[in-house]
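The report below goes through a protein model one region at a time, beginning with a pocket and ending with a pair of helices. Please keep the structure open beside the text while reading.

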Amino acid sequence: MLGVQLTELLDGVPHGVEEALDLMSGFDDALAHGFARLGGERAAALAALAGALGATPLGSPAVDAVEKIIAGSITDEHLATLAGGRTALFGAIHDALLSRLDTALGRDRSPWAEPPPAETAAADNLLGGCRSWLQELAITGWKGVDHDLVSASDQTIEALLADVGLRPLAVLLDGLAAELRASCPVATMERLPARRWADLWARALLLSQGPGATEPAERVSGRLLVLGVDVHEHATAVQMQVHAILEPAGAAPPRLVRTSVAAAKVDTIVGPALWRLLHRHPVLLGALAEHRGLDVEDMPLLDGGDLVWHDDRATAGEPADPFATARILLADAVTPAVRPLDRHPVRIAEPVLVEGYTAGDDAFELDGNTLTVDLDRLPGCGPLTPGLVAASSACIGLVRWDGGRWMLQPLAVQGTAKRKPFEAHNGDWAMGPTDPKVVKAEARAGDAVAVLRERAGRLLRR
Amino acid sequence: VNTGMSAWEQRSVARVVPPVRPRKLVKVPFVELADGRLQGVVSSGSDLARVYVSSISASTHGFSCSTNNNRPCGGLHASSPCKHLRALADEAVLQYGLDRVARYLRVEAGDDDDLVSRLDGVREAAPAAVVFSRFLRHLAYLELPDTTAPIPELHWFPAVSTGGAVR
């Protein structure tokens with residue numbers, strides 16, 4: 001990312017984004033207080049959100065749903081319409097922001113081709129259970145959430161987790177329920193994560209309407225060159241999302257892709273131990289740890305840019321330096337379309353290479369521009385620290401947007417400290433930590449995964 | 001411009017729950033602050049197949065300890081907690097930090113205070129079966145198959161630094 005590109009990115013907020021965000025804040029505030037007790041101002045906020053959708057196919061159903069909800073008819077259907085409206089508006093915000101970013105970076109994004117609707121059987125009872133819990137939350141509002149209301153989701157979430165096809169919804173609801181549980185009684189919280197919880201609520205409500213169209217996929221073969229690893233984690237889930245460039249076999253141009261491996265976990269498995277949960281993907285983990293390219297064969301690549309990982313269809317290749325990959329291939333790689341349901345600012349995660357900056361404590365200065373570095377997102381399972389970021393002179397990171405501003409999430413850094421060059425990547429410890437201090441600490445703690453597996457073996461199947 | 005919300009309230013990835021700190025799990029495999037109690041499971045020192053279910057109520061400070069087969073713990077007295085409860089409290093402090101545990105149990109405890117000595121409850125009945133089944137559910141997460149289909153929802157849940165080495 002060049003200084004001029006950063007200047008363009010940071011040049012004001014795209015038209016309409018602030019107004020749309022204000023509408024969201026009104027909706028989120030209404031959800032915090034509960035739709036059963038709206039009052040004049042919050043009823044008006046919902047009506048304003050519906051009004052903003054006026055020119056779209058959602059406009060008239062949204063106006064209708066808001067009227068019914070204000071009148072006290074808080075049904076599943078009306079809530080789904082409202083959640084859809086909020087999601088559509090965030091979709092528009094996402095589009096404006098991503099278009100700004102793509103223009104600044106000079107990236108051409110593939111358009112989305114909508115597949116025909118699917119005739120997939122849905123687990124109706126289960127999804128119905130989700131919807132009714134989400135309905136209870138909407139009626140009560142976050143401020144009314146107590147232990148009983150949180151626990152009411154336990155059985156549904158447990159059943160969802162058992163269905164691999166519903167894992168995204170299960171992981172989402174489990175994360176939300178854990179936050180609510182830790183915040184109970186919510187009425188005593190000094191401040192509410194209103195935007196966040198409304199996001200999670202709306203997303204869960206949409207997912208629990210049943211499966212959408214199956215995302216189209218093609219089969220690809222070629223060389224996969226890793227850029228970096230974005231680590232996602234809550235108490236009971238972890239996902240390693242690898243950003244990489246695929247050089248397809250044949251003459252096709254290089255493509256920017258992601259590939260992900262995810263596992264269920266418990267809260268006490270943290271830090272480098274997370275990698276041990278993913279031991280069934282040794283080829284991928286080995287390539288991350290050793291900075292190697294991967295030769296992949298006949299792997300599904302979804303239209304949204306996700307390569308569906310099959311460890312048995314990959315072999316480790318030659319050493320490949322992620323910084324070299326970023327310097328040579330990133331700027332011109334073909335950028336994937338965004339799946340319609342994923343059009344939300346939180347999903348914007350564009351890999352960039354930033355160099356030639358002056359690193360401050362939590363920002364990079366580049367040609368007179370300041371790019372905030374998100375130091376909260378340095379995962380405990382890798383070697384990156386605020387100190388290394390501050391000492392760095394080159395960084396592979398993800399450009400993200402949240403809370404009204406652009407930020408850079410580092411995935412890898414290189415630089416010089418005490419006259420010695422250093423380099424650190426999020427995936428460096430995929431096969432185990434390489435820092436002797438961390439190795440020692442891990443040895444002292446013992447293997448959390450093994451301890452719990454032993455307990456499970458002894459106690460679960462009796 | 002907005003309806004009075006702070007920047008934190010308008011963040012999609014605002015952090016709500018601090019990450020737990022790593023700790024050794026051999027003695028006390030399960031600790032949680034839930035349902036109004038500090039509760040968990042303590043492995044028996046003598047029998048691999050036996051565990052103790054221990055809990056301390058936040059509202060009364062009443063405490064309870066029994067085996068998973070619902071036999072009362074022999075070390076538990078009417079007014080003094082057993083070694084399992086002490087281990088539970090110690091590990092909870094390692095996992096969540098003293099502040100968070102003390103706040104949950106509504107006790108004032110300084111850095112040098114022993115949490116258990118600050119509690120003034122007596123032995124009382126507690127739903128050991130519920131806690132034990134929550135532990136089994138906890139363990140069941142590790143039996144779930146891993147997945148490679150993308151989970152875009154996890155963009156709302158970035159990994160954060162675990163802050164500090166294992167103690």
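Helices and strands are here DSSP runs, of at least four residues for a helix (H or I) and at least two for a strand (E), and they are numbered from the N terminus. The model to which these terms are applied is a predicted one.

**The second largest pocket**

The second largest pocket holds about 1500 Å³ of space. Its lining consists of 49 residues, and those closest to the centre of the pocket are L207(A), G212(A), A213(A), R339(A) and L341(A). By class, the lining residues comprise 24 nonpolar, 13 polar and twelve charged. Helices α5 (76-105), α9 (167-182) and α10 (194-207) of chain A each contribute at least two residues to this lining, and the largest contribution, four residues, comes from α5(A).

**Chain B: overall layout and sheet**

Chain B contains three helices and four strands, and, read from the N terminus, its elements follow the order β-β-β-β-α-α-α. The C-alpha trace of chain B spans about 60 × 40 × 30 Å along its principal axes.

The four strands of chain B make up an open sheet with the order β1-β2-β3-β4 and antiparallel pairing. At its edges lie β1 (30-34) and β4 (63-67) of chain B, each of which pairs on one side only. Averaged over the sheet, and with direction ignored, neighbouring strands are turned by 15° against each other. Within this sheet, strand β2 (residues 37-43) of chain B runs antiparallel to strand β3 (residues 51-57) of chain B, and seven bridges join the two; V41(B), for example, has V53(B) in β3(B) as its bridge partner. In general, the strands of a sheet pair through backbone hydrogen bonds, in either a parallel or an antiparallel manner.

**Chain B: the contact of α1 with α2**

Helix α1 (residues 83-96) of chain B and helix α2 (residues 98-105) of chain B have axes that come within 6 Å and cross at roughly 120°. Angles of 65 to 115 degrees count as roughly perpendicular and those over 145 as roughly antiparallel, and α1(B) and α2(B) are therefore classed as oblique to each other. The residues that make the contact are listed by helix in the table.

| Helix | Residues in the contact |
|---|---|
| α1(B) | A92(B), V93(B), Y96(B) |
| α2(B) | L98(B), R100(B), V101(B) |

Sorted by class, the residues of the contact of α1(B) with α2(B) comprise five nonpolar, no polar and one charged.

How values were computed:
Residues numbered from 1 in each chain as written. Chains lettered and ligands numbered in written order. Predicted model: local features only at pLDDT ≥ 70, side-chain atom pairs only at ≥ 80, totals over all residues. Heavy atoms only, no water. 1 Å grid on protein atoms, 1.4 Å probe; cavity = no way out; pocket = protein on both sides within 12 Å on 5 of 7 lines; lining within 4 Å. Points joined across faces, edges and corners; volume = space filled by probe spheres on them. Nonpolar A, V, L, I, M, F, W, Y, C, P; charged D, E, K, R; others polar. Pairing = 2+ DSSP bridges. Axes fitted to C-alpha atoms, helices over the stretch in contact; angles between N-to-C directions. Parallel < 35°, antiparallel > 145°, perpendicular 65-115°, else oblique. Contact = heavy atoms within 4.5 Å.
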